[in-house]
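Welcome! Here is a short tour of a protein model, beginning at the start of one helix and then widening the view.

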Amino acid sequence: MEQNNNQEQVIDLSKIIHVLWQRRRTFYKVWAWTVVLSCIWIFPQPRYYTCSVKLAPEMSGEQSGGGLSGLASSFGINIGGDGNQDAIYPLLYPELFKSPEFIVGLYGILVTTKDGKISTDYFTYMKKHQKKNFLMAGIRNVTEKVKGILGLKKEDTTPRITEAKGVNPFMMNKKDFDLMELVMDKISCSVENKNNVITVTVRDQDPLVCAAMADSVKSHLQDFIIKYRTSKAIEDVAHYRQMRDSAEAEYIIAMDKYSRFCDMHKDIVLQSYQSQQDKLAGELSLKQNSLSVMETQLTEAKVRLQEKTPAFTTLKSAIVPVRPAGPKRMFFIFCMLMFTSVVLSLYLLRGELGKFIVIHGAQGHNS
């Protein structure tokens, strides 16, 4: 006769709850301290608001890549277009927001707070009018003093910048570099793979500044895209305009020569004078044809410029937010309570988990 013993280990939760309930006074004390410390940390944090705008760029035939590209994009796949597709396509626009030149270009935007007390450029607003957590400011000051005492703080020899127009994205001091990173953290851009819808989100401590910057960043992005896509067409227009002006000047000179010659020799019928007049008339005709060709080329270049200039459809405009987006103070306190509860439970049950394991066995007999 053969006997099989099947045993199963199960944790008895009722015993664990009973043990923790007996030590509930410890939880009460830890919870009280958690709430106090969480409030001390989270309530000095400045409120912030968020504002988002959405826009869809025009996708012309040569940029969309045809039906196959459009079908692939519906599944989130970008297979590119033909040879005329832009080097900077919408999926790369978020990388543009990490460019120092793009961020520094936002510094000159004029902003006004909702209460009307502050009206200045964005550079000065971010540099001098940002609310800070006094706890973090105190910790930062102590850290700077300790570094100074220990000789770890290096002197910054880069000239200090006090105006937005003086910021050089190629060479900045540490404070301006930290400010640029702060602005990068407050302004973000995302692009949906399927439909190339661009979403620009701005976070700020003032609701009016938040909405104004969201709208301004959208316009700044549109200007950059338009400038990029039309740069070659603009150069073509400038080139053909210069050629047209040169041809027009030559035509005027040729017409003046022909007119003066005819006026001076209108009563002379000699063959030599007639030949000279025919020569001047031929040159005038050539200059006129050249001017006509340049006019046509200039008109075509202007048409191409208009075709290259992208149009944008604003799907969601900037709206001054009514409620702050954060920090979520009650949610933060609740999360801290949950975290400390789990940690404290593991601490109180350390080394005793074996006592809460119950073994259930089942026996079977085979002969």
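At the start of helix α9, a side-chain oxygen of Asn173 comes to within 3.3 Å of the backbone nitrogen of Lys175. Such a polar contact is a pair of N or O atoms within 3.5 Å, where one must be able to donate a hydrogen and the other to accept it; residues adjacent in sequence count only if both atoms are side-chain atoms. Helices (H or I, at least four residues) and strands (E, at least two) are DSSP runs, numbered from the N terminus.

This is a predicted model, in which local features need pLDDT of at least 70 and side-chain atom pairs pLDDT 80 or more, while totals for chains, interfaces and linings use all residues. Residues are numbered from 1 along each chain as its sequence is written, and side-chain values use heavy atoms, leaving out hydrogens and water.

Which residues of α9 are buried (under 20% relative accessible area, 1.4 Å probe, protein chains only)? They are Asp176, Leu179, Met180, Val183 and Lys186. Because they cover an arc of only 120 degrees around the axis, judged by the directions from the axis to the C-beta atoms, they sit on the same side of α9. Their cover includes α6, α7, β5 and β6.

Thr199 lies in β6 and, at 12% relative accessibility, counts as buried.

Here are two helix starts side by side:

| Helix | Side-chain oxygen | Backbone nitrogen | Distance |
|---|---|---|---|
| α9 | Asn173 | Lys175 | within 3.3 Å |
| α10 | Asp206 | Leu208 | 3.1 Å |

Overall, the protein has twelve helices and eight strands.

Note on methods:
Buried < 20%, exposed > 50% of the residue type's maximum accessible area, 1.4 Å probe, protein only. Contact = heavy atoms within 4.5 Å.
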